[in-house]
Amino acid sequence: MKQFFLTVLGVFTGLILFVVVIPVVLLTVAIAGASKPTTPATMVLELDLRDGVTDQPSSNPFAAFSGSGLSVLQVVDGLAQAEADNSVKAVLIRLPESGMTPATADELRQAIRRFRASGKPVIAHSQGFAPAGAVMSTYMVGASASELWMQNTAGFQATGFSADSLFLGRAFEKYGVRADFEQRYEYKNAVNEYTQSDYTPAHREAMTAWMTSLYDSALANAAQDRKTTPAALKTVIEAGPYSADQALSNKLIDKIGQAEEAEAEIKRRAGKGAEIVEFSQYVSDKGERTGSGRNAIAIVGGEGAIVTGRSDGGGFGGGSSIHSDDTAEAIYDAIEDKAVKAIVFRVSSPGGSPEASEQILAAVRAAKAAGKPVVISMGSYAASGGYWISSEADWIVAQPSTLTGSIGVFGGKFVIADALGRFGVDMRELTVGGQYADAFSPTQSFTPEQRAAFAGSMDRIYDDFITRVATGRKLAPARVREIAKGRVWTGAQALPLGLVDQLGGLTEAVAKAKALAKIPAGESVRFKHFPKQKSPWEALSEMFGVQSEAAQALVMLGGVMADPQAQAVMRRIEGERMRSEGAVVLADQPMF
């Protein structure tokens with residue numbers, strides 16, 4: 001019966017392909033052939049950051065059909081290629097009005113400064129800096145440009161850094177929900193939103209510390225680029241908000257003008273005949289840098305929550321996850337590739353499953369045992385399980401604003417039987433087996449024996465985590481216990497603690513990998529990316545069991561959603577789902 005339906009589906013999609021898609025494709029090809037578009041001889045790249053960026057290119061093979069946003073690594077790679085591209089004369093950046101993920105802003109600023117060092121101008125244009133999230137990180141990116149413009153009606157409201165936390169403790173108490181959790185230890189604050197009505201002292205201490213670190217880092221970088229001191233800039237910033245005219249008089253920006261005026265000015269500087277080209281189009285046309293030379297550096301990517309198993313190809317949209325089978329296999333493939341001399345593992349993850357994390361860490365150990373150094377490049381987050389998979393690498397590079405650490409564990413359940421009873425819904429249970437069989441039943445709290453057993457499992461996971469960090473970072477276990485306890489640190493805070501080795505981004509990580517592999521600094525290397533992404537046609541063919549031509553028709557007809565803002569919501573939903581399924585080494589993910 002299954003084969004019958006698959007055959008019908010194949011025939012149906014084949015008919016659509018023949019009747020609808022092929023004529024459209026032929027017409028498109030004919031039009032394209034007649035127009036023969038060419039790359040402009042003089043280009044200004046327009047980098048629009050208002051829709052947000054992910055850390056890494058989407059692992060979803062259907063993302064190309066959705067018009068999905070850029071990733072940080074694509075921007076870094078694109079700007080590096082544009083530096084040496086004689087047809088690219090300048091860059092125009094459109095800034096978001098609200099906050100930007102701080103580590104993303106760090107990496108973008110570094111790439112912009114490298115591009116400017118080639119002698120090419122950059123204009124950043126803002127339609128206002130709103131008092132939302134890490135808006136100082138957005139301002140920091142704007143300050144790294146040759147000139148920072150702002151629209152005349154816009155407000156400069158970047159006066160600090162704010163973050164909100166939602167606590168459900170009183171609501172749960174009111175409606176009869178009991179949050180029955182264990183946490184290791186007081187800084188593992190993921191469960192506080194369920195059990196508390198306000199910040200605990202440890203929660204407040206940790207959040208205030210990393211928020212201050214992010215704020216100070218953004219101020220210091222912006223002050224350097226604006227040619228002032230952090231103290232002076234802080235005084236001016238915190239005296240706001242300002243109108244556009246006031247921001248100009250306080251030297252927070254360089255010019256007031258509409259986006260169209262900024263566009264005209266950057267084209268004038270680029271030279272006669274300059275045309276605006278969208279950054280995403282430029283990146284698509286150029287493709288990833290492959291480098292040259294006999295030696296290769298492997299780039300292994302991992303973004304999102306860490307889960308066991310394999311990816312299904314991403315489905316039709318949604319956020320990314322680090323699947324342990326896929327990621328471990330990618331590392332083993334890099335080990336077996338004789339041309340690969342070192343591995344750069346890009347990690348941007350708040351954590352997830354300890355079992356999945358350990359599987360990936362085992363692959364990292366195997367690479368080291370095979371004589372291939374592993375360098376971690378941390379993205380926005382590399383916390384909890386994200387730090388677990390990084391802990392035993394040869395070298396760890398993090399951005400000053402990367403959120404890392406969170407060496408801890410939590411777990412538990414919600415007891416909802418009483419809450420449902422208030423609405424006339426009765427929940428009852430039946431159990432066969434040992435006394436722990438119903439430990440996670442939502443009908444009742446842990447018995448003393450169940451809690452003792454569950455607490456013991458939390459202790460074992462925590463001890464395992466401590467051991468891996470102590471081994472990998474060459475720290476005494478007692479010292480790791482002091483700085484662990486589930487506490488989140490920024491990269492800048494983690495460096496003196498010994499949790500990371502160097503501040504920087506992917507560029508610095510590649511340079512360190514070359515050094516550890518004893519490849520001369522001036523020698524060119526190739527870049528090999530793992531895992532190899534499936535084409536949309538291959539993925540759909542596997543999903544539906546139909547021929548690739550029919551799968552292609554489905555993609556063209558269906559389209560895909562992979563917007564970074566939608567992915568942020570999906571990550572939140574995915575995080576809650578994972579917690580309910582035992583993702584006990586998962587850190588908080590602030591919404592910037």
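**View 1. Strand 1 and strand 2 lie side by side in a sheet.** Strand 1 (residues 43-48) and strand 2 (residues 88-94) run parallel to each other and share six bridges. Here two strands count as paired if DSSP finds at least two bridges between them. Helices (H or I, at least four residues) and strands (E, at least two) are DSSP runs, numbered from the N terminus. Try finding two bridge partners: Val44 goes with Ala90 of strand 2, and Leu45 goes with Val91 of strand 2. As a reminder from the textbook, strands of a sheet pair through backbone hydrogen bonds, either parallel or antiparallel. Please keep in mind that this is a predicted model, in which local features need pLDDT of at least 70 and side-chain atom pairs count only at pLDDT 80 or more, while totals for chains, interfaces and linings use all residues. Residues are numbered from 1 along each chain as its sequence is written, and side-chain values use heavy atoms, with hydrogens and water left out.

**View 2. The six-stranded sheet is open and has parallel pairing.** Reading across, the strand order is 8-4-3-2-1-9. At the edges are strand 8 (255-256) and strand 9 (275-278), each of which pairs on one side only. Helix 11 (residues 279-286) packs on the sheet and touches strand 1, strand 2 and strand 9; a contact means heavy atoms within 4.5 Å. The direction of helix 11 makes about 70° with that of strand 9, where axes are lines fitted to C-alpha atoms, for helices over the stretch in contact, and angles run from 0 to 180 degrees between N-to-C directions. On to strand 2: four bridges join it to strand 3, and the two run parallel. One of the residues to look for is Arg94, whose bridge partner in strand 3 is His125. Six of the seven residues of strand 2 are buried, with buried meaning under 20% relative accessible area, exposed over 50%, and partly exposed in between (1.4 Å probe, protein chains only).

**View 3. Helix 4 is wrapped in its surroundings.** How many of the nine residues of helix 4 are buried? Nine of the nine are, so this helix is largely enclosed by the rest of the structure. Among them are Val135, Met136, Tyr139 and Ala143. The buried residues of helix 4 pack against helix 3 (102-116), strand 3, strand 4 (147-150), strand 5 (155-156), helix 7 (201-225) and helix 8 (230-238).

**View 4. Phe129 and Tyr139 form an edge-to-face aromatic pair.** Their ring centres are 5.6 Å apart, with 85° between the planes. Rings of Phe, Tyr and Trp (its six-membered ring) pair if their centres lie within 6.5 Å; planes under 30 degrees apart count as stacked, over 60 as edge-to-face and the rest as tilted. Phe129 sits in the loop between strand 3 (122-126) and helix 4 (135-143), while Tyr139 belongs to helix 4. Are these rings buried or exposed? Phe129 is buried, at 0% relative accessibility, and Tyr139 is buried, also at 0%.

**View 5. Tyr436 and Phe440 make another edge-to-face pair.** The centres of these rings lie 6.3 Å apart, and their planes are at 90°. Tyr436 is partly exposed, with a relative accessible area of 36%, and Phe440 is partly exposed at 41%. The structure holds 16 aromatic pairs.

**View 6. Phe345 belongs to the largest nonpolar core.** A nonpolar core is a set of buried Ala, Val, Leu, Ile, Met, Phe, Trp, Tyr and Cys residues joined through side-chain atoms within 4.5 Å. This one has 55 residues, and those with the most contacts inside it are Ile331, Ile343, Phe345 and Leu499. Helix 16 (residues 448-473) gives the most to this core, with eight residues. Leaving aside residues up to four places away in sequence, Phe345 touches Val300, Thr327, Ile331 and Ile389, among others. Thr327 is found in helix 12 (residues 324-336) and is buried, with a relative accessible area of 6%.

**View 7. Two lysines place their charged ends over aromatic rings.** A charge sits over a ring if NZ of Lys or CZ of Arg is within 6 Å of the ring centre and within 35 degrees of the ring normal. The charged end of Lys413 is 4.7 Å from the centre of the Phe446 ring. For Lys512, the ring is that of Trp395, with 3.9 Å to its centre.
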